[in-house]
Amino acid sequence: MLKCRALWQKLAPLARASSTLCRHNVKRKGLRCDNMVTVFPKAQMSSGAPGSGGDNLMYILFVGAACLGGGIYTYRSLSEDKKRYQNRLAEINSREQKFPKQPLVTQQTESTAESVQETSEAAAMEAPVDALPEIPAHAPYLLIGGGTASFAAARSIRARDPGARVLIVSDESDLPYMRPPLSKELWFSDDPNVTDTLRFKQWNGKERSIYFQPPSFYVSPQELPRVENGGVAVLTGKKVVHVDVRGNKVRLNDDSEISYDKCLVATGGTPRNLQVIERAGEEVQKRTTLFRKIEDFRSLEKISREVKSVTIIGGGFLGSELACAMGRRSNESSLEVIQIFPEKGNMGKVLPEYLSNWTTEKVTKEGVNVMTEAVVKNVSYQDGKVVIKLKDGRVVKTDHIVAAVGLEPNVELAKSAGLEVDSDFGGYRVNAELQARANIWVAGDAACFYDIRLGRRRVEHHDHAVVSGRLAGENMTGANKPYWHQSMFWSDLGPDVGYEAIGIVDSSLPTVGVFAKATAKDTPKAATEQSGTGIRSESETEAVASSEVTPVAAAPREPQQGEEYGKGVIFYLRDKVVVGIILWNVFNRMPIARKIIKDGEEHADLNEVAKLFNIHED
C-alpha cells in the first residue's frame, strides 16, 4: 500500500499539468472560433516541477524494473515446470519396470468384436480336450437337476434349436433316468444282476433300460463349448448352491462358476422322514431307507435278500407299490413284509373308502401284513431289532424300515435367486409360462404352477415332469406358451391291478364310481402290450380326446359294498363339477378324462358320462 501511494505522488503532478493545459486550450479555441490546431509543448514526466531533467529517468527505471521482475518470474516458472516434467517421466518409467506393460484396450467396432469372438471359438475348437476345463465357464442353456423334467427340457430345446448347447448339472452320479420302474418293474425282474444292468422287462414283455438315453447320446462337458452342432452334456456329482440372477451365473459346491443365457430349475424333491425316526439315534437311522434314487433301489434290493423282515411306513403310492413288490418276493423267500399307515386303507387319501378297503385286501393277498390306523409313537433299537411302538399300544419288531411318507420340494436356491416359495403347496411359484424370473424357469416337482381350471397346484408325478419340462424348454427358446396340460399319474399294484388318475383326486371330495366286470385285457400288462410302452404317459400325452360314444349293452351303475371292482371310473366332484377322475384298470382313455375336466361343466347324470370310457365293452 505504501509503494502504491508513493508512486501516485510522483505521477499526480504530471496528470494535473496535462489536465490544466487541455482546459486552457479548449477555452482559447472556443473564443477564437477557428480551426487552427493548437500545438502544446511535450509533457514531461517528473516527480518534481515541470521541466525537471529527472522525469524521464525515473519512468525508464520504473518500466525496466517491472520488465526485469516479469522475466525473472517467467524463468523460474519454466524451470520448475521442466523439473516437474522430468520427475513425472522418471516415475512412469519406474512403474513400467515394476508391472508388465498391458496392451491398450480400445473400443472395438461390431465387426472387430465378432472377429475376435470367432478367433477365440476357433482356438477352442482346435484345443485338445485335456487342455479344456472340466467345467465349462458358460452354457447357453443351463438346467439345474438331472431328473425327468431336465431331460424333457433338453430334448425340447434341441428340437426347436438344433444347434443348442445344453448343460445339465446333477448332484447324482447317474445320467438322467426314469424313476417309476424303481418301485415297479425292476422288482419283478428275473435277472439276478438287475441292480447292475438296471434293465427290466415291461408288463408287455419288452426289455428296456431305466436310462432315457445311453451315454453315447451325450457329449462331455469339456467338449460342449466346441461341439460344432451343439449337444447335451451332463455334469454329474455337482450341486448348484447359489444363483446370481443379475449376473446370470451360478456357483457350484466346489466354488466353480458357470454363466448362462437361460436357466431351468428342476431340483425335484427330497423324501420326508418321520421325526420319531430322526430322534431315534444312529442305529435306527442306519437301518432306515428313504426311497428315491437308483442307489436307494440297489441298497433296498440287497437288504431285502439279507434280512428277515422289512417294515414300510406309509400307505400312499410309493409305499403300496413297494409293499406289493416286496410282498410277492416274500412268497419265494422267508422275508416278512409289514406295511403300517394311519389311514383306514391303502391310498386312503386318494381312493374312496370302499375302493381303499378293496385295495388293502389286494395288497394283503400279495403276502403283506397290512396294519391300518397305525400311528408311530416311538422308534428304538433293542436287541438287534428296530422296535416301532404305535400310539394304540401295538409293537412292531423289524430288521429294516422304509419311510415312504411324502416328498419335500428342494427350494434351497430360493434365497440366493430371489425366487418366491408358495406357503401353501411348497415349491417355487411360477407364472403360466412356468417362468419364475427373467431368464429362469421352473419345472417338475419343484414348480408350483397355476392351473387355469383347478387353481394353483404342485404335482409330484412323472407325467407332470415330462410335460412341464417340455414346455419350459420350448419357452426357453422363445415359444411363450402357457401351461394348460392336465397331467396324469398312474400306479400299478403288480401286473394285474393298476389305475390312472388326473386332476384333483382327494378322498375328502364327493365321488361317484361306475364299475364293470373286468376281462383279461383289463390289466396293466395288457395295456402296455397295446401301447407298446411301460411308461404310459409317454404315449397318452400326445393323444386327442374323442367325444364319440360306443353303444353299451347295459347301463353302468354305482358299486355296492363287497363287490369285485374289476374296472371302472371314479369321478371326484367340487361344486357339482368334475375336478378329478380315476380310471381303475381302464387304460388308454386318459385324453377323454382330460377333456371332461377341461370343459368344466356340470353333469346331471355321470352314468352317461361314464359311457364315454366304454367300460362295458368286451
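Helices here are DSSP runs of H or I with at least four residues, strands are runs of E with at least two, and both are numbered from the N terminus.

## Two odd backbones

With that in hand, take Met-347, which sits in the loop between β12 (336-340) and α10 (353-365). Met-347 isn't a glycine, yet its phi is positive, at about 55°. Its relative accessible area is 2%, so it is buried; that word stands for under 20% relative accessible area, with exposed meaning over 50% and partly exposed in between (1.4 Å probe, protein chains only).

Asn-614 is another non-glycine with a positive phi of about 55°. You'll find Asn-614 in the segment after α16 (606-610). Asn-614 has 11% relative accessibility, so it goes down as buried.

## What you're looking at

A word on the ground rules: this is a predicted model, where local features need pLDDT of at least 70 and side-chain atom pairs count only at pLDDT 80 or more, while totals for chains, interfaces and linings use all residues. Residues are numbered from 1 along each chain as its sequence is written, and side-chain values use heavy atoms, with hydrogens and water left out.

The chain's secondary structure adds up to 16 helices and 28 strands. It runs to 618 residues, and 45% of them count as buried. Take the contacts (heavy atoms within 4.5 Å) with a separation of 6 or more: 68% of them are between residues 24 or more positions apart. The chain's accessible surface is about 32,900 Å², and carbon and sulfur atoms hold 51% of that. Those areas come from the Shrake-Rupley method with a 1.4 Å probe, and for residues only the protein chains shown count as cover.

## Helix α4 and its cover

Does the length of helix α4 look short or as expected? The expected span of a helix is 1.5 Å times one less than its number of residues. For the 13 residues of α4 (residues 148-160) that comes to 18 Å, and the end C-alpha atoms are 19 Å apart, which agrees.

Plenty of names turn up on the buried list for α4: Thr-148, Ala-149, Ser-150, Phe-151, Ala-152, Ala-153, Ala-154, Ser-156 and Ile-157. What covers those buried residues includes the strands β1 (138-144), β2 (165-169), β5 (231-235) and β8 (257-265), along with helix α12 (462-476).

## A buried lysine and two cysteines

Lys-238 is in the loop between β5 and β6 (240-244). Its relative accessible area is 18%, so this lysine is buried. Leaving out residues up to four places away in sequence, Lys-238 touches Ile-135, Val-169, Ser-170, Asp-171, Leu-252, Asn-253 and Asp-254.

As for cysteines, Cys-263 has a relative accessible area of 0%, so it is buried. Cys-448 also counts as buried, at 0% relative accessibility. How many disulfides does a search of the whole structure find? Zero, going by a cut-off of cysteine sulfur atoms within 2.5 Å of each other.

## Salt bridges

The structure has 21 salt bridges, each being a side-chain nitrogen of Lys or Arg within 4 Å of a carboxyl oxygen of Asp or Glu. One of them joins the side chains of Glu-172 and Arg-179, at 3.2 Å from N to O. Glu-172 is buried at 10% relative accessibility, while Arg-179 is partly exposed at 23% relative accessible area.

Lys-481 and Glu-474 pair up too, with 3.3 Å from N to O. Here Lys-481 is partly exposed at 37% relative accessibility, and Glu-474 is buried at 17%. Lys-611 bridges to Glu-608, their closest N and O atoms being 3.0 Å apart, and Glu-608 is partly exposed with a relative accessible area of 44%. There's a network as well: salt bridges link Glu-283, Lys-286 and Arg-287.

## A nonpolar patch

Which residues form a nonpolar patch on the surface? They are Tyr-59, Ile-60, Phe-62 and Val-63, and together they have about 400 Å² of accessible area. Patch residues need over 30% relative accessible area and no salt bridge; like charges are joined within 9 Å, and nonpolar side chains (Val, Leu, Ile, Met, Phe, Trp, Tyr) within 5 Å.

Tyr-59 belongs to helix α2 (residues 55-98). With a relative accessible area of 46%, Tyr-59 is partly exposed.
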